[in-house]
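Take a moment to turn the model around on your screen before reading on. We'll start at the ligand and then work our way out through the chain.

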Amino acid sequence: MAEPKTAELMEKIVSLCKRRGLIFQSSEIYGGLNGFWDYGPLGSELKRNIKDSWWRSMTRFREDVVGLEASIIMHPRIWEASGHTSTFSDLMVDCLLTKKRFRADQVDPQSGTAYFYSGASDTVLGKECGDAFSVLLPPGKPPESARKTARLFYQDRGLQEPTLLGERNEPVQNTTRYNPENGSLLTEPRPFNLMLKTYVGPVESADNISYLRPETAQAIFVQFKNVLEVSRQKLPFGICQIGKAFRNEINPRNFTFRSREFEQMELEFFIKPDEAIEAICGSVAKPTGRGHPGEPQPNWGWQLWHQYWVEERLAFYESIGLPRNSLVEYWQKPDELAHYARATVDVLFKFPFSKRDANGELAGEELEGIAARSDFDLSQHQRFSGKSMTVFDEELKTAWTKLDPAKQTELAGRYQQTRLSYLTKTGEAPEKAARMAQEEAEGLGKGYFVPHVIEPSAGVDRLALALICNAYAEDQAPDEKGKMESRVVMRFHPRIAPVKVAVFPLLKNKPELVNKAKAVRDLLRAEMSVFYDEAGAIGRRYRRQDEAGTPFGITIDFDTLGEKGPELQDTVTLRERDTMKQERVKIGDLLRILTEKIR
Ligand code: GAP
């Protein structure tokens, strides 16, 4: 349970999101649609800025990453290869009384007394129901309340006046078998596939089933060869993509945190297997501790590349205003890792609704996962499509010929073992798997291999929510007459703030002020989002922009018109949202000053 204070904070944030046009409930006038959200005027700018920042840092400013924009619906075999058709499911449980559905791992453990019934009979109707049922009562609740719930259960099964049969009770500790809301027994957990199905073409038949993609990553894998060919990149290099993903989440919750439609920003960074690095460089560099490992080096294997991307991603979050102490770097434990992953780091943000750790501190919830996924993904698509996903590496081929035979045997042997282990796990017949692994190991010596992948995968909507939660603040600011009043201020970093600058003429009924203010607006808006506001007292206008998170405000006053002398002519006041400091700046310098601050 969230503490009352944090629940109250979330309420304020949700209400501000609606009031200021950051986030609306989808289909609100029809009662909403659970798990779907719309972004209003400010929210859509915020999301755009997040995606632009990510895109710039991932590909524009790098030589070794290129972009992709793939379709949402793809060939259904892709989801068989990726494992989504068979394993992309959550365990769900249903309340036997209300039919409400829960994710099994989200039912809080409870203790109390369980009341068991073997069935019920109805003498009026002369009927009996033999379904067993039980109810959990918290300590101190009278048994009659369990009986009342049980009678409802049997009434739902066709009895009018059920007489309960075979009642017995026993104390239970930390059980997750009962609905925390009403004590009713839940069904046994069963898997529920999260992919949203649709039909492609006019016929709704099993042959035409397709899925809305549950992640953007798979498109990158299936287009890997095309991109490699046209971009003339060489390993190590990456392909990144931003796009919608859909998951039929059992329990969408925590505002936009777990939605059914959301956007992802994913990078698949392709690297050589460690055996190839060892053959080329003599050895693979090992991490010497935590922290940024510096500029990429030719002798980096998957571990250093993984660490590099964890640090790059943390630096990105800091660059858009999430302080390091609001983030948690969580290294998944071996038993938490996906079967193909060698290591995964989750970047968590301390959302107000996060669970708390043993010390009462916010533990954080996942913003992004950075996984070292081995060569699993491309290997799967190679097997399922029958198309080669191997790359040829001239450097490896040359280096291999210079290795002594013992080293060649050792490296080829290690490579063969890993490939064999993968092929066996995926269910290839032992003989075939052994033959394939041997051929692949021989291929390594000739310079061929399936690339390995490091995958930083982030959610746009979760990041937007993290930035909103982080920005929300209440403080005191002076009103028109200098009297302190409370203000709500969204302290967005200027890089991601929805509106960068607000332009105000001091008075709206003075055409000279209005014309000048409009000229300033026009000067700036080619380069940044500008909000022009002439309505109301200037203090009120500042306050409205503080709440929208606009980092800068410009006021055009009589000094701007030169009424107090030529030295102030064509200067404006530039107000900074957080410090509320104002400075006099020449109009001619505005573009340079503001551009520096928002880049
Ligand atoms: N390709 C790997 C992948 O999709 P994931 O951990 O399932 O990994 C990556 O998703 C990111 O996508 C998460 O860290 C989160 O930011 C975002 N995400 C996943 N499910 C989401 C949901 N239901 N609602 C909002 N964002 C979600």
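How far is an oxygen atom of the ligand from an N or O atom in the side chain of Glu-366? In this predicted model, the distance is 2.5 Å. Right next door in the sequence, Leu-367 joins in with its backbone: a polar atom there sits 2.8 Å from an oxygen atom of the ligand. Now look for a nitrogen atom of the ligand, and you'll find an N or O atom of the Glu-215 side chain 2.7 Å away. On its own the ligand has 550 Å² of accessible area, and the protein covers 88% of that. Three elements each give two or more residues to the surrounding shell, namely β16 (261-271), β19 (365-372) and β22 (452-459).

So who else is in that shell? There are 19 residues around the ligand, and the closest include Arg-247 and Glu-266 along with the three you've just met. Sort the shell by class and you get nine charged residues, five polar and five nonpolar.

Let's stay with charge for a bit. Side chains of opposite charge can pair when their charged atoms come close. Count such salt bridges in this model and you reach 56. One of them is formed by the side chains of Glu-368 and Arg-313, with 2.8 Å from N to O. These two come from distant parts of the chain: Glu-368 belongs to strand β19, while Arg-313 belongs to helix α9 (residues 302-319), and 55 residues separate them. Are they buried or exposed? Both Glu-368 and Arg-313 are buried.

Compare that with a pair that stays local. Arg-543 and Asp-546 form a salt bridge at 3.6 Å, N to O. Both sit in helix α16 (residues 538-548), three residues apart, or about one turn of the helix. This pair is buried too, Arg-543 as well as Asp-546.

A third salt bridge brings together the side chains of Arg-584 and Asp-557, at 2.9 Å from N to O. Arg-584 is in strand β29 (residues 582-586) and Asp-557 is in the loop between β27 (552-556) and β28 (571-576), so this bridge ties together parts that lie 27 residues apart in sequence. The partners differ in how covered they are: Arg-584 has a relative accessible area of 30%, so it counts as partly exposed, whereas Asp-557, at 13%, is buried. Salt bridges can also share partners, and here that joins nine residues you can pick out by name into one network: Asp-475, Glu-485, Arg-487, Arg-491, Arg-543, Asp-546, Arg-575, Arg-577 and Asp-578.

Finally, check out the backbone. Most residues other than glycine have a negative phi, and most peptide bonds are trans. Which peptide bond here is cis? The one from Leu-235 to Pro-236, with omega near 0 degrees. You'll find Pro-236 in the loop between α7 (224-231) and β15 (237-246).

Two residues other than glycine are worth a look for their positive phi. Ser-27 has a phi near 55 degrees and lies in the loop between β1 (23-25) and β2 (37-39). With a relative accessible area of 31%, Ser-27 is partly exposed. Asn-174 has a phi of about 45 degrees, but this residue lies in a strand, β11 (residues 168-175). Asn-174 has 55% relative accessibility, so it counts as exposed.

Notes
Residues are numbered from 1 along each chain as its sequence is written. This is a predicted model: local features need pLDDT of at least 70, side-chain atom pairs count only at pLDDT 80 or more; totals for chains, interfaces and linings use all residues. Side-chain values use heavy atoms; hydrogens and water are left out. A residue is near a molecule or strand if one of its heavy atoms lies within 4 Å of it. A polar contact is a pair of N or O atoms within 3.5 Å; within protein, one must be able to donate a hydrogen and the other to accept it, and residues adjacent in sequence count only if both atoms are side-chain atoms. Accessible areas come from the Shrake-Rupley method with a 1.4 Å probe; for residues, only the protein chains shown count as cover. Helices (H or I, at least four residues) and strands (E, at least two) are DSSP runs, numbered from the N terminus. Ala, Val, Leu, Ile, Met, Phe, Trp, Tyr, Cys and Pro count as nonpolar, Asp, Glu, Lys and Arg as charged, and the others, Gly among them, as polar. A salt bridge is a side-chain nitrogen of Lys or Arg within 4 Å of a carboxyl oxygen of Asp or Glu. Buried means under 20% relative accessible area, exposed over 50%, partly exposed in between (1.4 Å probe, protein chains only).
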